[in-house]
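Colleague: I would like to go through this model with you before I plan anything at the bench. Please show me the sequence and the structure.

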Amino acid sequence: MCGIVAYVGSKVARPILLEGLKRLEYRGYDSAGIAVLTGGKLHVARRVGRVANLQEAIEGQAAFDGSLGLCHTRWATHGGVTDFNAHPHTDDRHGIALVHNGIIENYAALKTYLQEKGHSFSSQTDTEVLVMLIGELYEGDLEKAVQAALREVTGAYAICVICEKEPGVLVCARKGSPLMVGIGSDNEYVVASDGAAIIAHTGRVVMLDDYNVVKMDAGGFRTTDIHNTPLSPRVQQLEIELEQIELGGFTHFMLKEIFEQPKSVRACISGRLDMREGRVVLGGLSSFAKELTKARRVVITAQGTALHAAMIGRYMLEDLAKIPTQTEYASEFRYRNPVIEENTVVIAVSQSGETADTLAALHEAKERGALALGVVNVVGSSIARETDAGVYLRVGPEIGVASTKAFIGQVTVLSLISMYMARKRFMSADQCLDLMKEMEAIPGKIERILEQAGRIKRITEKYVERENWLFLGRGYNYPTALEGALKLKEISYIHAEGMPAAEMKHGPIALINEGMPAVFIANRGRQYEKVMSNIQEVRSRGGHVIAVATEGDTEIAKHVQDVMYVPDVCEPLSPILTVVPLQLMAYYAAVARGHDVDKPRNLAKSVTVE
Ligand code: M6R
């Protein structure tokens, strides 16, 4: 949450900062701000709204033409969405400006201390407290003042700081929130929350670890901890390409990412299916093969869409590998004193690899002795680095706030892990081979669903004025129903509930009235007949049923108002197909209602605060 970009070098900073900030807008878009040091003076502008507002506000102003600066796009935590609460924040003595992503938890006590020292505050933010503290401790060396201040704070931060008195110096630091330093040529540095803001300038980066402080100037860069102990960071190559973070002819990133899904699954399984031996090859797990064979229980923890993928993973691990598995909201797991017995494997599932609750749950699990695995998309992210081992999704950067291709990647990876563990136990090579063949055919089948996008759009538009929807499924497709409802809620602001189809009779059926849309996932499978009965229950109460059904099922069309067909597939892998029409429905509903699909209200892509 919140995006940060900073620059020091010999070029004009403004275009680098603003272009980078636009690429990070998915992290928060309540307000934006910039500070640039030009002619030895600090110039600051802050505006409620999108980065474009800010850009317009400083258009043509030479004051923002310096070569050292920082900027921020905000997702409000402390303090309302106002110009005053927008970042950068400044101190009141030395011309220090700071941008921050995270939460300073002891800000209230620090604020009282600083007020007693005579500082006055103009915002309600925790961030202003941190910059005032740096100012209070400043004795002519910005790096030292930052280190000293960070020794006093608790909470999470990724910060960039500049000071009028040190015109060529940029200092940044991190604990808990992501930050990386891009190393350009000729001592040029671009610091950002995410590689998307860096890749246009350089592919060489240092990913900061917790408590790292980096000072950059014309003489190079140095990394220390907050006690000024020098460190030797690892320079690595960013694994993204510019075209992956551009719209490439699509109207929205969400639509682009939905259409990328066949490619995503291909990338995800590439090199991981050994068809000759009938086994799955997961290099990331190979050093823990023994532990995984001995595993007696698996806990999968995540939030949001990733949790829905985790729930499907649970069904697969129990069904295919016969390992007792549970899923947990990371936010609950971390605080509820969970019992972790010997030989428990905890899997953290996260697109960003930065979700604060999932990261904290992972720490909790490790402390209690579990083997911690990650199913993560962003390479080098905090969760990826802090797990014992893991499997990357390889679906490329996901920019749309509504997660789509990452969900498909998560389900695919969890199915690979299930097959991998199943083969170490009871599954024969032939059984595994059958599943792998099904897996290989998935990308082509998703393509067939995408060909029906126009039809799915027309169906959606028939119901788009309705304010309450139900999503119902059973077995492997109960989590798919939850995911369909979440997608619709988050981008079209329509109230939707997902639940097991059988649960409806235990209360929610009271909601059904004339014309209420109920989306049933009714593909062929073990519970098909049961789902058909549930469909009748809704129909007989006036509800309008939209079914996701298996190609060739002509019978279902006689019982429902609308059908969206998916190709036939084995049950464990069916959610990878059945979710696609639901993603498209949510997308077309949001567009029809005139919403900003990629930047839904109140949301941010990566939830790095509790
Ligand atoms: O980055 P993560 O996968 O850890 O994010 C978890 C959730 O915040 C995320 O899936 C969220 O629910 C999406 N907006 C859903 O589309």
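The questions below deal with the ligand site, one strand and some salt bridges.

Colleague: What kind of model is this?
Modeller: The coordinates were not determined by experiment in this case. This is a predicted model.

Colleague: Which residues come nearest to the ligand?
Modeller: There are 14 residues around the ligand. Those that come nearest are Ser350, Gln351, Ser352, Thr355 and Glu490.

Colleague: How far does a polar side-chain atom of Thr355 lie from an oxygen atom of the ligand?
Modeller: Thr355 is among the residues that come nearest to the ligand. The distance from its polar side-chain atom to the ligand oxygen is 2.4 Å.

Colleague: Which backbone N or O atom lies 2.8 Å from an oxygen atom of the ligand?
Modeller: Val401 has a backbone N or O atom 3.1 Å from a ligand atom, but that ligand atom is a nitrogen. The backbone atom 2.8 Å from a ligand oxygen belongs to Ser403.

Colleague: How much of the ligand's accessible area does the protein cover?
Modeller: On its own, the ligand has 410 Å² of accessible area. The share covered by the protein is 91%.

Colleague: Which element gives the largest share of the shell around the ligand?
Modeller: Two elements, α9 (304-320) and α16 (478-492), give two or more residues to the shell. The largest share, 3 residues, comes from α9.

Colleague: How many residues in the shell around the ligand are polar?
Modeller: By class, the shell has 4 nonpolar and 2 charged residues. The number of polar residues is 8.

Colleague: How many residues of strand β4 are buried?
Modeller: In a regular strand, side chains alternate between the two faces of the sheet. On one side of β4, Leu68, Leu70, His72 and Arg74 are buried. On the other side, Gly69, Cys71 and Thr73 are buried too. For β4 (residues 68-74), the count of buried residues is 7 of 7.

Colleague: In β4, which residue is the bridge partner of Gly33?
Modeller: Strand β1 (residues 3-8) runs antiparallel to β4, joined by 6 bridges, and Tyr7 has Gly69 as its partner in β4. Strand β2 (residues 31-38) is also antiparallel to β4, joined by 7 bridges. For Gly33, the bridge partner in β4 is His72.

Colleague: How many residues apart are Arg93 and Glu136?
Modeller: The side chains of Arg93 and Glu136 meet in a salt bridge, with N and O 3.1 Å apart. This pair links distant parts of the chain: Arg93 is in the loop between β5 (89-90) and β6 (96-104), and Glu136 is in helix α4 (residues 126-137). Their separation along the chain is 43 residues.

Colleague: Is Glu328 buried or exposed?
Modeller: Glu328 and Arg336 form a salt bridge through their side chains, 2.1 Å from N to O. Arg336 counts as partly exposed because its relative accessibility is 38%. Glu328 has 10% relative accessibility, and buried means under 20%, so Glu328 is buried.

Colleague: Why are Glu461 and Lys457 separated by about one helical turn?
Modeller: These two form a salt bridge, their closest N and O atoms being 3.3 Å apart. Glu461 is partly exposed at 36% relative accessible area, and Lys457 is partly exposed at 34%. They are about one helical turn apart because both lie in helix α15 (residues 453-463), at a spacing of 4 residues.

Methods
Residues are numbered from 1 along each chain as its sequence is written. This is a predicted model: local features need pLDDT of at least 70, side-chain atom pairs count only at pLDDT 80 or more; totals for chains, interfaces and linings use all residues. Side-chain values use heavy atoms; hydrogens and water are left out. A residue is near a molecule or strand if one of its heavy atoms lies within 4 Å of it. A polar contact is a pair of N or O atoms within 3.5 Å; within protein, one must be able to donate a hydrogen and the other to accept it, and residues adjacent in sequence count only if both atoms are side-chain atoms. Accessible areas come from the Shrake-Rupley method with a 1.4 Å probe; for residues, only the protein chains shown count as cover. Ala, Val, Leu, Ile, Met, Phe, Trp, Tyr, Cys and Pro count as nonpolar, Asp, Glu, Lys and Arg as charged, and the others, Gly among them, as polar. Buried means under 20% relative accessible area, exposed over 50%, partly exposed in between (1.4 Å probe, protein chains only). Two strands pair if DSSP finds at least two bridges between them. A salt bridge is a side-chain nitrogen of Lys or Arg within 4 Å of a carboxyl oxygen of Asp or Glu.
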